[in-house]
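Here is a friendly walk through one protein model, with an eye for its inner spaces and its aromatic rings. Keep the viewer open while you read.

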Amino acid sequence: IQEIAFSFSLVSEYIRRLLARGMEIDEFAPRIAFFTSAHIDLLEEIAKLRAMRRIWAYLMKDTFGAKNPRSCWFRTAIQTSSLPLTAQQPLNNVVRAAIQTLAAVLGGSQSIHTTSYDEAYALPTEESHTLSIRTQQVIAYETGVCRSADPLGGSYAIERLTDEIEEKALSLMRTIDEKGGFLEC
């Protein structure tokens with residue numbers, strides 16, 4: 001919730017300042033992109049990215065008056081999180097990174113960096129880096145999940161969680177706005 005609210009509240013500050021300088025929203029909004037992390041909770045990460053797409057479209061259309069559909073496209077690059085990685089049993093990190101990568105794909109990311117299994121204790125080796133790339137390739141080309149833009153859309157659990165995350169993130173964004181905006185907070 002905080003990741004979404006803080007990111008979008010900050011970018012809203014940038015947008016307001018650009019608009020105040022006389023730029024039109026559709027001049028620059030199609031080039032705005034985000035860098036997001038995918039954590040280990042599979043369903044939550046999928047719902048988070050889906051909620052971010054919805055909120056971004058809402059902000060662009062309803063808050064900033066964008067007319068160009070490309071201004072409403074939520075673009076994000078994902079890096080899988082190294083926080084759950086462990087040095088004690090590093091091969092388990094392969095599974096963790098694969099789950100996080102799958103969450104990013106199912107959530108609709110356009111770009112993914114899969115963390116190497118040895119990043120918990122060292123700089124990635126060539127072997128671990130290659131395995132990260134192979135993890136992405138297996139998910140992309142062997143699982144079939146890339147054949148649909150939103151393969152879990154309609155799932156009760158995903159839809160409910162997406163709605164919940166969206167509602168809470170928007171609530172936190174309103175609180176930030178009421179306190180003077182992101183920079184003031």
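The sections below take up the cavity, the two pockets, a pair of strands and the ring contacts in turn.

## A predicted model

Please keep in mind that this is a predicted model. Every value here was computed from its atoms.

## The enclosed cavity

How many cavities of 30 Å³ or more does the count give? The answer is one, and the volume of this largest cavity is about 50 Å³. To find it in your viewer, select Val94, Ala97, Thr114, Thr115, Ser116, Tyr117, Ser128, Leu131, Ser132 and Thr135, which line the largest cavity.

Two helices take part in that lining: helix 4 (92-107) and helix 5 (126-142) each provide at least two residues. Helix 5 contributes the most, with four residues. As for chemistry, the lining of the largest cavity holds six polar and four nonpolar residues, and no charged ones.

## The largest pocket

Now turn to the open spaces. The largest pocket has about 230 Å³ of space. Its lining is made of 16 residues, and those nearest the centre of the pocket are Val105, Ser109, Ile112, Ala140 and Cys146.

Which elements each supply at least two residues of the lining of the largest pocket? They are helix 4, strand 3 (111-113) and helix 5. Here too helix 5 gives the most, this time with five residues. The classes in the lining of the largest pocket come to eight nonpolar and eight polar residues, with no charged residues.

## The second largest pocket

The second largest pocket has a volume of about 150 Å³. Helix 1 (2-20), helix 3 (42-63) and helix 6 (156-178) each bring at least two residues to its lining. You can highlight the lining by selecting Phe8, Ser9, Ser12, Arg16, Tyr58, Leu59, Thr63, Phe64, Leu170, Met173, Arg174 and Asp177.

What is the make-up of the lining of the second largest pocket by class? It divides into six nonpolar, three polar and three charged residues.

## Two parallel strands

Strand 1 (residues 34-38) has two faces: Phe34, Thr36 and Ala38 lie on the covered one, while Phe35 and Ser37 lie on the uncovered one. Strand 1 runs parallel to strand 2 (residues 76-80), and five bridges join the two. Ser37, on the uncovered face of strand 1, has Gln79 of strand 2 as its bridge partner. Between these strands the chain passes through helix 3, making a β-α-β crossover that is right-handed.

## Aromatic contacts

A search of the whole structure turns up six aromatic pairs. One of them is formed by Phe8 and Phe34, with 5.2 Å from centre to centre and 75 degrees between the planes, which is edge-to-face. This pair links distant parts of the chain, since Phe8 belongs to helix 1 and Phe34 to strand 1, 26 residues apart.

Are Phe8 and Phe34 buried or exposed? Both are buried. Ring pairs also tie Phe8 and Phe34 together with Trp56 and Phe74 into a cluster.

Phe8 connects two parts of this report: it is among the residues lining the second largest pocket, and its ring belongs to the aromatic cluster. Phe34 likewise appears twice, on the covered face of strand 1 and in the edge-to-face pair with Phe8.

Technical notes
Residues are numbered from 1 along each chain as its sequence is written. This is a predicted model: local features need pLDDT of at least 70, side-chain atom pairs count only at pLDDT 80 or more; totals for chains, interfaces and linings use all residues. Side-chain values use heavy atoms; hydrogens and water are left out. On a 1 Å grid over the protein atoms alone, a cavity is a set of points where a 1.4 Å probe fits but cannot get out, and a pocket is an open set with protein on both sides within 12 Å along at least five of seven lines; lining residues have an atom within 4 Å of a point. Grid points are joined across faces, edges and corners, and a volume is the space filled by probe spheres set on the points. Ala, Val, Leu, Ile, Met, Phe, Trp, Tyr, Cys and Pro count as nonpolar, Asp, Glu, Lys and Arg as charged, and the others, Gly among them, as polar. Buried means under 20% relative accessible area, exposed over 50%, partly exposed in between (1.4 Å probe, protein chains only). Two strands pair if DSSP finds at least two bridges between them. A crossover is right-handed if, with the strands pointing away from the viewer, the path from the first strand over the helix to the second runs clockwise. Rings of Phe, Tyr and Trp (its six-membered ring) pair if their centres lie within 6.5 Å; planes under 30 degrees apart count as stacked, over 60 as edge-to-face and the rest as tilted.
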